[in-house]
Amino acid sequence: MKLLPSVLLVTIITSMLFFTSCDPNALSEAESIAIDKALLEIVYSGSDTATSVNANVTLASTGSSGTVITWESNCVNVITAAGVVTRPAFADGNCPVVLTATLTKDDATDTKTFNLIVICLAATDAEAVSADKAALNTNNIIFAAGDTATSITGDFTLPSIGSNGTTITWESNLVNVITAAGVVTRPAFADGNCPVVLTATLTKDDATDTKTFNLIVICLAATDAEAVSADKAALNTNNIIFAAGDTATSITGDFTLPSIGSNGTTITWESNLVNVITAAGVVTRPAFADGNCPVVLTATLTKDDATDTKTFNLIVICLAATDAEAVSADKAALNTNNIIFAAGDTATSITGDFTLPSIGSNGTTITWESNLVNVITAAGVVTRPAFADGNCPVVLTATLTKDDATDTKTFNLIVICLAATDAEAVSADKAALNTNNIIFAAGDTATSITGDFTLPSIGSNGTTITWESNLVNVITAAGVVTRPSFSDGDCPVVLTATLTKEEATDTKTFALTVICLDATDTDLASANLDTNDIIFTTGDTATSVTADFTLPLTGTNETTISWAEGTDTANAVSISGNDVTVSRPRGNGSNDASVTIRATISKSGITDTTKDLTIIISDIISIANSPNGNRLAVASDGTRYYLEGKSLEITAVHKSSDGREWTTLSSTGLPTGPETAYYGSSIAVDSKKTVYVLSNIGNPCRTNVYKLSDGGTSWSLVGNEDFATESNESTGRIVIDSNDKPIAMANVSSALHVFELVENVWTDISPETTSYKADIYTDGSDIYYVHGAGSSYYSVYKRNSESWSKITDTSNITGEYNFKYPSISVDSGIVTVAVVESGSVKVVRWELGSWTVLSSGMPKIDVSQNTCGYIQALTIASVSYLAAHDGTLIKYSSGSWSKLSDFTSCSSAGINTDYDPTTGKIVVLNGYPSSGSWFMLDVTP
């Protein structure tokens with residue numbers, strides 16, 4: 001097909017030439033140009049062609065049919081119209097050139113174009129290197145099948161020669177991953193894909209250059225454990241397909257959880273709240289009142305035997321609020337931060353109008369009311385009060401409403417008053433001016449000035465303050481201080497402040513005290529000494545001394561003090577050195593002894609005149625005039641109660657908070673005689689300060705219990721009347737258990753019984769009965785009961801949880817029965833029992849499950865003074881005490897006995913002790929034989 005036009009053209013030209021040869025004038029001008037155009041060609045040098053021109057070309061100037069041919073070049077600097085060729089530089093590359101021939105004959109003309117390529121000059125060495133560097137890329141590297149520069153798994157081949165004759169050598173920055181020969185060692189999966197930089201060096205003779213290539217070697221396939229670890233690291237909330245608009249912290253609809261990891265792991269899911277989010281991502285939104293709900297989803301990733309978990313904290317948004325919930329929520333959120341105050345104002349410092357919110361975040365409407373519309377309106381318009389009226393508190397009430405739901409919330413605001421007038425400024429600054437505005441020297445105060453101080457000259461409301469002193473030789477108006485001498489003593493000074501603003505003025509005075517100078521030796525020898533320097537027993541003062549005390553031998557100013565007895569008509573004190581022994585007089589609270597002791601004070605050889613100090617020795621208070629029948633009880637707050645009894649009657653019940661001032665309680669309803677009152681009456685007080693009295697009176701003796709509430713005016717019978725009777729002299733005791741229930745011990749038919757109050761009836765709960773040689777005690781938790789179990793020994797029972805248990809080995813508590821009553825006390829699980837045996841006192845202790853006899857080494861107790869056997873045991877904080885009728889108080893502690901105190905022995909059945917928890921002292925109720933009076937003593941344990 002392509003040959004037909006050429007053949008046809010040759011045929012036409014041949015025919016035309018034939019006719020021309022026959023008759024040249026037979027061709028037209030156009031036909032001549034057509035023939036010459038068809039025959040026109042460029043003549044090339046040597047082996048050059050149109051697409052590879054290296055030398056000049058020959059261009060025809062006439063055609064065979066008489067045409068004139070002229071030439072034009074579109075790039076005359078490469079090929080001229082005469083065919084002269086100038087090859088371009090190598091760097092410019094081969095150059096395409098268009099030559100146009102114009103054929104002309106008479107008036108006829110036509111053109112013909114020729115497309116040539118002029119070959120550039122040969123490259124220099126540097127040009128060869130530059131060209132091969134530009135051409136060099138990863139396409140020149142022969143990678144393993146399927147590999148690319150960013151995904152290499154196998155060895156590859158690197159080019160070594162460039163197209164312009166350069167030599168190419170290679171270097172690797174990580175030869176342990178890719179060598180210079182393209183040998184690949186893939187990294188472990190844990191190390192991840194590895195980037196490697198290969199550097200190519202291109203050289204030709206002396207020319208050289210480099211080019212780098214960034215390759216990535218793919219790590220080895222993961223082990224199962226590595227796959228699990230990698231997929232765990234990659235797994236995040238971005239892998240969860242949430243409902244449109246939802247995020248991990250704002251979930252409203254179901255979502256899709258991934259089940260397969262990119263490294264082939266299987267992913268299963270668990271939810272800690274399946275009622276909110278199931279393991280399949282099904283969501284049940286909580287109610288608005290429950291609020292947004294945090295849920296923890298746990299993903300378990302597994303591949304064969306490898307497994308691991310990862311948790312995700314999601315938040316499911318609660319359902320939209322009901323109207324009531326919207327009101328409640330907006331009320332809770334509404335606070336002063338929602339009010340737009342004027343610049344610089346706060347809720348407690350308002351000076352200008354402010355804007356109140358009218359809509360809550362949950363769609364409620366908010367309206368406002370003010371309790372002082374003349375100060376703040378419901379629209380937040382503020383009218384400040386006058387300065388004299390002061391800052392004004394205002395209550396704004398917000399009413400929040402949504403449809404039928406409504407609620408209110410109040411806000412306490414403070415509107416700042418207007419600026420003061422001159423007179424108001426003076427008045428306010430006067431009121432505010434005090435000694436706190438004076439800048440004293442370090443450690444000084446208004447009543448203890450030792451150095452110069454600074455006085456304020458300007459008030460907070462713009463007043464000017466000037467000062468005057470009534471003693472300028474001590475304090476000047478500028479606060480300069482001149483201290484008085486020690487002998488002159490501390491000096492009071494009055495400073496007067498005058499406050500002025502324009503025409504307004506006022507004054508205010510201040511009483512200050514300037515401390516005198518330190519004493520000289522002569523001053524010190526004459527220094528005052530008072531009773532505050534005496535070291536009294538805790539609780540004692542100079543006007544109420546109850547125990548021995550110690551006198552100081554040195555003064556605070558390094559003085560030496562010696563002491564001697566002064567006036568002491570009652571012989572109440574005895575001084576030995578600086579130790580003073582006190583012998584308290586006895587009376588009824590009005591027999592205190594006034595004692596004068598004399599001090600001689602000296603320093604540096606200067607001796608002062610003697611100084612007499614007066615102290616009051618308190619008498620031991622007489623609280624009853626009967627030799628028997630008195631009993632003591634101390635409440636948990638230290639209030640003391642004693643039952644006063646005489647031989648023929650129960651006289652009264654008294655109470656005291658300090659043991660000195662006594663109040664007689666009402667006797668209404670309490671049997672007080674004139675029937676015979678036996679020794680067995682008892683008193684106790686519960687935690688509510690209800691007083692219980694067990695009364696044994698009459699012949700035959702009848703036992704009853706009465707109570708009086710704290711502050712009550714009438715005693716009432718407790719339980720059934722005459723619940724225990726005895727034809728002979730009776731023993732009785734009442735204690736309070738841990739439930740504030742009274743427990744009574746009384747005689748029935750010559751045998752002691754223990755009674756408990758059950759439904760207002762005294763019920764016998766005795767573990768065992770005996771003749772009237774017994775005692776009962778409660779430690780606030782359990783009840784302990786000691787009684788004569790046989791002809792020569794006592795037994796001890798403990799009641800806990802409504803049942804008795806016998807303490808083991810009680811048969812070793814031996815003792816005499818004939819009018820020798822036992823005594824029991826308990827504290828911290830330690831039980832102390834005292835009895836009389838063979839004319840001596842015997843003490844045993846039960847601790848850690850066994851009994852121990854403590855009598856060894858005990859100070860002698862005169863049993864002859866204890867004809868009725870009244871030796872009372874008392875246990876406090878694991879220490880055992882023993883108070884005896886002969887006037888002895890001893891204690892057992894840390895394995896040994898010591899005498900605590902001696903007091904006058906009583907005349908009859910007269911010893912009763914208890915513990916005062918407020919003072920920490922043992923209270924002793926003691927009879928005094930010569931007067932028949934009873935006294936109450938406080939003894940330090």
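**Exercise 1. Place Val-197 in its strand, then decide whether this residue is buried, partly exposed or exposed.**

*Solution.* Step one: find the element. Val-197 lies in strand S5, which covers residues 194-204. Keep in mind that we're working with a predicted model here.

Step two: check the accessibility. The relative value for Val-197 is 28%. Buried would need under 20%, and exposed would need over 50%. Val-197 therefore counts as partly exposed.

Step three: look at the company. Skipping neighbours within four places in sequence, Val-197 touches Glu-171, Ser-172 and Asn-173, along with Thr-212, Phe-213 and Asn-214.

Step four: pull up one distance. From C-alpha to C-alpha, Val-197 and Ile-178 sit 9.1 Å apart, with their positions 19 residues apart in sequence.

**Exercise 2. Work out the strand order of the sheet that holds S7, S8 and S9, and say which strands are at the edges.**

*Solution.* Start with the order. The three strands line up as S7-S8-S9 in an open sheet, and their pairing is antiparallel. As a reminder, strands of a sheet pair through backbone hydrogen bonds.

Now the edges. Strand S7 (266-271) and strand S9 (306-316) each pair on one side only, which makes them the edge strands. From one strand to the next, the twist averages 25°.

Next, zoom in on one pairing. S7 and strand S8 (residues 293-303) run antiparallel and are joined by six bridges. For a handy landmark, go to Trp-269, which stands opposite Ala-299 in S8.

Finally, add the helix. H4 (residues 224-234) packs on this sheet and touches S8 and S9. The direction of H4 makes about 10° with that of S9.

**Exercise 3. Find where the confidence drops, and see how many contacts those stretches have.**

*Solution.* Get the overall picture to begin with. The chain's average pLDDT is 86, and 87% of the residues score at least 70.

Then go to the low end. Residues 1-12 stay under 50 in pLDDT, and the model gives them one contact beyond four places in sequence. Residues 17-22 are also below 50, and this stretch has three contacts beyond near neighbours in sequence.

**Exercise 4. Sum up the whole chain in a few numbers.**

*Solution.* Count the elements: seven helices and 53 strands. Then take burial, where 43% of the 941 residues are buried. For the surface, the chain exposes about 45,000 Å², with carbon and sulfur atoms supplying 51% of that area. Last come the contacts: of those between residues at least 6 apart in sequence, 53% join residues at least 24 apart.

Conventions
Residues are numbered from 1 along each chain as its sequence is written. This is a predicted model: local features need pLDDT of at least 70, side-chain atom pairs count only at pLDDT 80 or more; totals for chains, interfaces and linings use all residues. Side-chain values use heavy atoms; hydrogens and water are left out. Two strands pair if DSSP finds at least two bridges between them. Helices (H or I, at least four residues) and strands (E, at least two) are DSSP runs, numbered from the N terminus. Axes are lines fitted to C-alpha atoms, for helices over the stretch in contact, and angles run from 0 to 180 degrees between N-to-C directions. Contact means heavy atoms within 4.5 Å. pLDDT is the predictor's confidence in each residue, from 0 to 100. Buried means under 20% relative accessible area, exposed over 50%, partly exposed in between (1.4 Å probe, protein chains only). Accessible areas come from the Shrake-Rupley method with a 1.4 Å probe; for residues, only the protein chains shown count as cover.
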